[in-house]
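Got the viewer open? Let's walk through this one stop by stop, picking a selection each time and looking at what sits around it.

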Amino acid sequence: MKTPKKIAVVGGGSAGLVAALILKTRFPHMQIDIIRSTKIGIIGVGEGSTEHWRQFMDYVGIDNTTVVKECDATFKAGIMFKDWSEKDYLHSIGYGFNVRAEGYPYVYAKLIADGAEPKELVPNHAWDSVVNLWFVGKPDQTPAVQYHFNTNKLNTFLCKLAEQRGCDIYDDEINEVNLNSEGEISTLVGTKTTYDYDFYIDSTGFSKLLISKLGAKWQSYSKYLKMNSAIVFPTENSGEIDMWTTSRAMKAGWLFRIPVQGRYGNGYIFDRNYITPEEAKAEAEEYLGHSVEVGKLLSFDPGALDKTWLKNCCAIGLSSSFVEPLEASSIGTSIQQAFLLSDRIVNYDEAVSERYNKSVTAIVENIRDFIALHYVTKRNDTPFWKDIQNIELPPRLKENLEVWRNKMPVKEDFMIGSDFTLFQEFHHILILHGLGLFNQEAIRNEY
């Protein structure tokens with residue numbers, strides 16, 4: 001068994017900083033340092049969170065006012081899906097709706113049984129994009145548990161907070177990863193110096209600089225998920241700030257709009273087999289009604305590592321998994337991974353790391369299946385949307401869809417693999433209803 005005394009977090013994006021803060025909060029006397037390269041930079045224009053961000057804030061002691069001021073944050077009630085189905089729908093779980101009777105989601109069941117529109121399955125203040133005046137003057141409370149951020153300001157804020165909590169931050173570029181006779185990472189050779197720690201967290205993004213050295217392999221989800229490219233760009237804020245991320249279906253994918261204070265972060269996520277980056281840019285400009293300046297062009301293969309914890313190294317963030325940004329799952333996954341690691345890092349051995357790996361696999365497959373569900377749509381007006389209807393579904397999702405057509409998803413359906421999975425029955429109910437996948441008569445009979 002091993003318990004590290006010195007941990008190096010390699011990478012300075014949101015994942016690495018979140019991991020460092022969670023571990024430092026759990027183990028205040030442990031040395032936890034961050035090695036990052038400002039030359040490499042971070043990914044993203046705007047960024048959104050799931051409700052897990054609020055759990056992170058509460059755990060490490062961050063208040064709402066500070067996040068809004070420091071990160072140009074705005075409140076997020078959910079994700080508005082436009083043109084994915086016959087009617088727009090909002091993925092927003094509201095208090096009072098998310099209740100169960102012995103595991104059965106009876107409020108949603110009643111609404112669906114009575115023929116409620118997608119709009120009627122979410123709180124009024126969320127759909128109307130109005131912050132209830134009840135919250136004015138109460139900075140410790142908000143009408144939402146999710147946020148949008150200015151990515152760069154969020155990064156600056158988290159760096160400052162990590163330093164305040166006792167983490168040293170080194171600006172250096174890692175050039176070499178050395179292993180000892182046991183196959184563990186012994187030292188990291190940077191441009192400026194050599195680093196020697198007991199345990200390493202790989203948050204180096206798509207490069208997977210550390211964990212790949214230990215033999216971790218990427219498992220592609222491309223047979224289930226076809227998004228593989230993105231252009232991202234900022235635009236001016238139009239004035240009123242929506243309380244949601246907009247996800248609009250486009251000809252060969254979808255466009256996101258994330259409102260932060262002063263601007264929007266935007267991106268067109270697409271399948272390059274159907275459209276080029278130049279064509280994607282032109283389509284985005286046509287939709288928005290003005291020209292845009294692309295900040296980044298990204299290519300990715302949706303998937304996850306076969307093992308995220310090997311020897312004395314754990315990958316957290318994009319180095320561990322990336323599905324696609326449709327449900328803003330990246331930060332939430334990093335938070336859950338860091339909490340899991342903090343539970344298991346004391347007295348760890350290979351059996352402990354294997355149990356961790358199984359939990360992370362369950363988390364990522366839950367995201368994969370939930371994202372794949374969004375594409376079970378009747379839209380077929382372009383070659384992409386016609387072909388997506390024939391895509392292979394993940395086995396468990398396919399099995400669940402056969403059941404969920406005539407029965408409401410229940411909590412027990414998701415008690416597989418890990419309690420740290422991001423998306424449970426209430427999330428699925430909103431998507432299933434928004435896409436018109438329920439047999440209303442069967443749900444009425446069940447209710």
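One term before the first stop: a residue counts as buried when its relative accessible area is under 20%. Keep in mind, too, that this is a predicted model.

**Stop 1: a covered helix.** Select residues 425-434, which make up helix H12. By that cut-off, 10 of its 10 residues are buried. The buried set is a mixed one to click through: Glu 425, Phe 426, His 427, His 428, Ile 429, Leu 430, Ile 431, Leu 432, His 433 and Gly 434. Now show what they pack against: strands E5 (78-82) and E6 (89-91), plus helices H4 (106-113), H9 and H11 (395-404). Step just past the end of H12 and you reach Gly 436, with a positive phi of about 70 degrees.

**Stop 2: the main core.** Helix H9 came up a moment ago as a packing partner of H12. Select residues 350-374 to see H9 itself, but begin with the core it feeds: the largest nonpolar core has 120 residues, and Trp 53, Phe 56, Leu 341 and Tyr 375 have the most contacts inside it. H9 supplies the largest share of this core, 9 residues. Which residues does Tyr 375 touch, leaving out those up to four places away in sequence? Turn on its surroundings and you should find Trp 84, Met 227, Trp 254, Glu 324, Leu 326, Phe 384, Trp 385 and Ile 388. Another core, of 18 residues, lies apart from the main one; try selecting Ile 35, Ile 174, Leu 305 and Leu 310, which are among its members.

**Stop 3: a threonine in a loop.** Go to Thr 50, in the loop between strand E3 (46-48) and helix H2 (52-60). Is Thr 50 buried or exposed? Its relative accessible area is 3%, so it is buried. Draw a distance from its side chain to that of His 52 and you'll pick up a polar contact of 2.7 Å. Beyond its neighbours within four places in sequence, Thr 50 is in contact with Val 145, Gln 146, Glu 327, Ala 328, Ser 329 and Gly 332.

**Stop 4: two open sheets.** For one of them, select strands E9, E10 and E11, which line up in that order with antiparallel pairing. E9 (174-179) and E11 (194-196) each have a single partner strand, so each has one side with no neighbour in the sheet. From one strand to the next, the twist averages 20 degrees. Zoom in on E10 (residues 185-190), which is joined to E11 by 3 bridges; Thr 187 stands opposite Asp 196 in E11.

The other sheet also has 3 strands, in the order E13-E19-E22, and its pairing is antiparallel. Its edges are E13 (218-220) and E22 (321-322), each with a single partner, so one side of each has no neighbour in the sheet. E19 (residues 303-305) and E22 share 2 bridges, and Ala 304 has Ser 321 in E22 as its bridge partner.

**Stop 5: the cysteines.** How many disulfides does a search of the whole structure find? The count is 0. Select Cys 159: the nearest cysteine sulfur belongs to Cys 167, 10 Å away. Cys 159 is buried, at a relative accessible area of 10%. Finish at Cys 313, where the sulfur of Cys 314 is the nearest at 7.2 Å. Cys 313 is buried as well, with a relative accessible area of 0%.

Terms used:
Residues numbered from 1 in each chain as written. Predicted model: local features only at pLDDT ≥ 70, side-chain atom pairs only at ≥ 80, totals over all residues. Heavy atoms only, no water. Core = buried A, V, L, I, M, F, W, Y, C linked by side-chain atoms within 4.5 Å. Buried < 20%, exposed > 50% of the residue type's maximum accessible area, 1.4 Å probe, protein only. Helix = DSSP H or I, 4+ residues; strand = E, 2+ residues; numbered from the N terminus. Contact = heavy atoms within 4.5 Å. Pairing = 2+ DSSP bridges. Axes fitted to C-alpha atoms, helices over the stretch in contact; angles between N-to-C directions. Polar contact = N/O pair within 3.5 Å; in protein donor to acceptor, adjacent residues only side chain to side chain. Disulfide = S-S within 2.5 Å.
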